[in-house]
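Let's take a walk through a protein model together. Have the structure open so you can turn it as you read.

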Amino acid sequence: MPETREFHPSEVPAKPGVYVFRDRFGTVIYVGKARNLRRRLSSYFQPSRLRTADPKLRSLINSIASWSFETVRTEDEALILESRLIKSYAPHYNILMRDDKRYLLLKIDHSERFPTLKLARIKKPGKFEYFGPFPKGSALHSTLEFLLSYFGLRACRTSEPAAETRKRCLKRIVKDCCGPCTGEVSEAEYRERLSRTLSILHGDLSEIREELRRLMIENAAEQRFEKAARYRDVLENLEAVFGRRNRTFERPELPETAPGKSGVESLRQALGLSRLPEHIIGFDISNILGTLAVASLVDFKHGRPDRSSYRRFRIKTVDQSDDFAMMAEVLRRHFSRLLEHGLKLPDLVMVDGGKGQLSAAVDALIAVGTPPLPVIGLAKRNEEIYLPGRSEPVVLSRHDPGLRLIQALRDEAHRFAVSYHRELRNKRIEHSLLDEVPGVGDVRKKELLRAFGSIRNLKKATAAEIAERVPGIGESVAQKVLDHIRNG
């Protein structure tokens, strides 16, 4: 969908979706969601809005140089996509949603002897299967509680609790758990219960829907109206959370604002290329004063992101904060691999930055013997395109589809690099706290993080809980861990 300053309601569907505003430099300044995109966007471009708007809204409207949108199926999907874009770009005017809130997921660890459903907010690589995210947090909580009780799945923290814990288990006493840890059901029977639960998560509500309706009717007929109402609420929550029309799926990280083929053709003409740049790759660097320096490679084919070809790099040879040297290292490594394995070279290479980054990139390509190919640098300040051997940049209209294509590539490279840098930074923070605890080596550190997921969760635990959930750690060592991470 083209970006434009002029707004015409007929261009925008009356559907749920997310809209993005950019300023004259192409920077994302606001991300919003709407149940009806046409109505919401129209409200920003009414002349009377400027007269009645508060100062913050007036400033936003006056800063809009271009806009774009993406439609989704439901308002819930719009909420999730909006949140994801805000976390990626931290737009200036989205102050209210910078709290890093994440929507709930359901996760299951199939490697456990008796797997069960648990809540989570962050997807972690490894053995877990995830469902979601689910914007309706309260509905998800009550629905999960019902499913665990209805199918008798365990709700305890560990798959095989200690004997004393089993004895005091209220879920077992009130028959909300089928008691797999005490042998009341076999492992095969438990897996069957789990399989029926997972079918609901995949949207098959036929069995549970009929059962809940039957219970509603029976209890209403016997004038047990409160109980009938509870079954009605459970059914409504199930439909809201897991119904086929309401389930949410992964959406792209940013609206597809790249203008596709028109952008590719426009770039060919603007840069004087001999052939269409149908395969473009872009690079960006992310670091804080040289620490945890990383780089990203994003890949666009025919004007569209090819996320399966994205790559990320840890900087290995540059210790100080030198973006030029880091850019050169990444290009040397990537193109050395392409040449060594005889892989196809891209039609165009873009680096995020001006003359310095471009010069470093060209030197790196020459050093590894790369055949001549077009390389450009995109300077963010004025969105100027620099080419080797030319002192003056190419300046395109902000509405030019070629510029919008390169902006989308640059923004993706930046987002991908920043997300990798943030991931490494969070890991270092968590691991460094445990590295200094006396008596806790690598094995115990991994077991602690595996059991609790994060330092934050670990801080909330008691020494007794740690000793119970982590093999080989007694209460005295557990207390030392807590004392250190709470005071560290």
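Before we start, one term: a crossing of two helices is called left-handed if the near helix is turned anticlockwise from the far one by less than a right angle. Keep in mind, too, that this is a predicted model.

Now find helix 9 (residues 206-221) and helix 10 (residues 225-242). Helix 9 passes helix 10 in just such a left-handed crossing. Their axes are 8 Å apart, and the two pack at an angle of about 160°. Angles over 145 degrees count as roughly antiparallel, so that's what helix 9 and helix 10 are to each other.

Which residues make the contact between them? On the helix 9 side they include Ile 208, Leu 212, Leu 215 and Met 216. From helix 10, Phe 225, Tyr 231, Val 234 and Leu 238 are among those taking part. Sort the contact of helix 9 with helix 10 by class, and you get eleven nonpolar, five charged and one polar residue.

Next, head over to the sheet. It's an open one with three strands in the order 2-1-3, and the pairing is antiparallel. Strand 2 (28-34) and strand 3 (66-71) sit at the edges with a single partner strand each, so one side of each has no neighbour in the sheet. From one strand to the next, the twist averages 20°.

Zoom in on strand 1 (residues 17-22), which pairs with strand 2 in the antiparallel sense over six bridges. Here you can spot Arg 22 opposite Val 28 in strand 2.

Finally, look for helix 1 (residues 37-44), lying across strand 1, strand 2 and strand 3. Helix 1 runs at about 25° to strand 1.

Notes: Residues are numbered from 1 along each chain as its sequence is written. This is a predicted model: local features need pLDDT of at least 70, side-chain atom pairs count only at pLDDT 80 or more; totals for chains, interfaces and linings use all residues. Side-chain values use heavy atoms; hydrogens and water are left out. Axes are lines fitted to C-alpha atoms, for helices over the stretch in contact, and angles run from 0 to 180 degrees between N-to-C directions. Helices (H or I, at least four residues) and strands (E, at least two) are DSSP runs, numbered from the N terminus. Angles under 35 degrees count as roughly parallel, over 145 as roughly antiparallel, 65 to 115 as roughly perpendicular and the rest as oblique. Contact means heavy atoms within 4.5 Å. Ala, Val, Leu, Ile, Met, Phe, Trp, Tyr, Cys and Pro count as nonpolar, Asp, Glu, Lys and Arg as charged, and the others, Gly among them, as polar. Two strands pair if DSSP finds at least two bridges between them.
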